Amino acid sequence: MTKQLPLGKRFRCPFVGWSGVVIDVSTRGDVLIVIDRDAPDRPGSVGKEVWRRLDGAGAWLSEVRA
């Protein structure tokens, strides 16, 4: 069984407050996210691309359900 890729899924960074959509996945399992919502107290991140690691505990990113 293959692991389902998170492409197109929305994630939020609980530490900074931004959220965005996964557009790429590296061979190591890191995800490339395009930020489309800023944290209210930290504007200026919309449109930026960031690489983040999806860890099992969900400490760095939490999936935003529709």
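**Figure 1. The chain contains 0 helices and 5 strands.** The model shown is predicted. From the N terminus on, its elements follow the order β-β-β-β-β. The chain has 66 residues, and buried residues make up 27% of them. Its accessible surface is about 4800 Å², and carbon and sulfur atoms hold 53% of that area. Among contacts with a separation of 6 or more, 30% are between residues 24 or more positions apart. The mean pLDDT of the chain is 85, with 86% of the residues at 70 or more. Of the elements, β2 has the highest mean pLDDT, 95, and β5 the lowest, 85.

**Figure 2. The 5 strands form an open sheet.** Across the sheet the order is β4-β3-β2-β1-β5, with antiparallel pairing. The edges are taken by β4 (49-53) and β5 (62-63); each has a single partner strand, so one side of each is left without a neighbour in the sheet. In general, the strands of a sheet are paired through backbone hydrogen bonds, in a parallel or antiparallel sense. Here β1 (residues 10-12) and β2 (residues 19-25) are joined by 3 bridges. Between β2 and β3 there are 6 bridges, and between β3 and β4 there are 5.

**Figure 3. Two hairpins each include a glycine with a positive phi.** The hairpin of β1 and β2 has 6 residues between its strands, and glycine 17 takes a positive phi near 105° there. In the hairpin of β2 and β3, 4 residues lie between the strands. Glycine 29 is the residue with a positive phi in this second hairpin, at a value near 100°.

**Figure 4. Residues stand opposite one another on paired strands.** Between β1 and β2, arginine 10 is set opposite valine 21. Two residues can be followed from β2 to β3: serine 19 stands opposite arginine 37, and glycine 20 stands opposite isoleucine 35. From β3 to β4, leucine 32 has tryptophan 51 opposite.

**Figure 5. The largest nonpolar core has 9 residues.** Its members are Phe11, Cys13, Trp18, Val22, Val31, Ile33, Ile35, Val50 and Leu61. Strand β3 (residues 30-37) supplies 3 of them, the largest share. Valine 50, a member of this core, touches Trp18, Val31, Leu32, Ile33 and Ile35 when residues up to four places away in sequence are not counted.

**Figure 6. Isoleucine 35 is a buried residue of strand β3.** Its relative accessible area is 3%, which is under the 20% limit, and therefore isoleucine 35 counts as buried. Isoleucine 35 also belongs to the largest nonpolar core. Beyond residues up to four places away in sequence, isoleucine 35 touches Trp18, Ser19, Gly20, Ser45, Val46, Gly47, Lys48 and Val50. Of these contacts, Trp18 and Val50 are also listed in the core. Gly20 is the residue that stands opposite isoleucine 35 in the pairing of β2 with β3. For Val46, which is 11 residues apart from isoleucine 35 along the chain, the separation of the two C-alpha atoms is 5.1 Å.

**Figure 7. Arginine 10 lies in strand β1 and makes a side-chain polar contact with aspartate 36.** This polar contact has a length of 2.7 Å. Leaving aside neighbours within four places in sequence, the residues in contact with arginine 10 are Ser19, Gly20, Val21, Asp36, Ser62, Glu63 and Val64. Val21, in β2, is the residue opposite arginine 10. Ser62 and Glu63 in this list are the residues of the edge strand β5.

**Figure 8. Lysine 9 is placed in the segment before β1.** Its relative accessible area of 27% is between the limits of 20% and 50%, so lysine 9 is partly exposed. With neighbours within four places in sequence left aside, lysine 9 is in contact with Gln4, Gly20, Val21, Val22 and Glu63. Among these, Gly20, Val21 and Glu63 are also in contact with arginine 10. The C-alpha atoms of lysine 9 and isoleucine 23 are separated by 8.6 Å, and the two residues are 14 residues apart along the chain.

Key. Residues numbered from 1 in each chain as written. Predicted model: local features only at pLDDT ≥ 70, side-chain atom pairs only at ≥ 80, totals over all residues. Heavy atoms only, no water. Core = buried A, V, L, I, M, F, W, Y, C linked by side-chain atoms within 4.5 Å. Buried < 20%, exposed > 50% of the residue type's maximum accessible area, 1.4 Å probe, protein only. Contact = heavy atoms within 4.5 Å. Pairing = 2+ DSSP bridges. Polar contact = N/O pair within 3.5 Å; in protein donor to acceptor, adjacent residues only side chain to side chain. pLDDT = per-residue confidence, 0-100. Areas by Shrake-Rupley, 256 points an atom, 1.4 Å probe, with all protein chains shown as cover.
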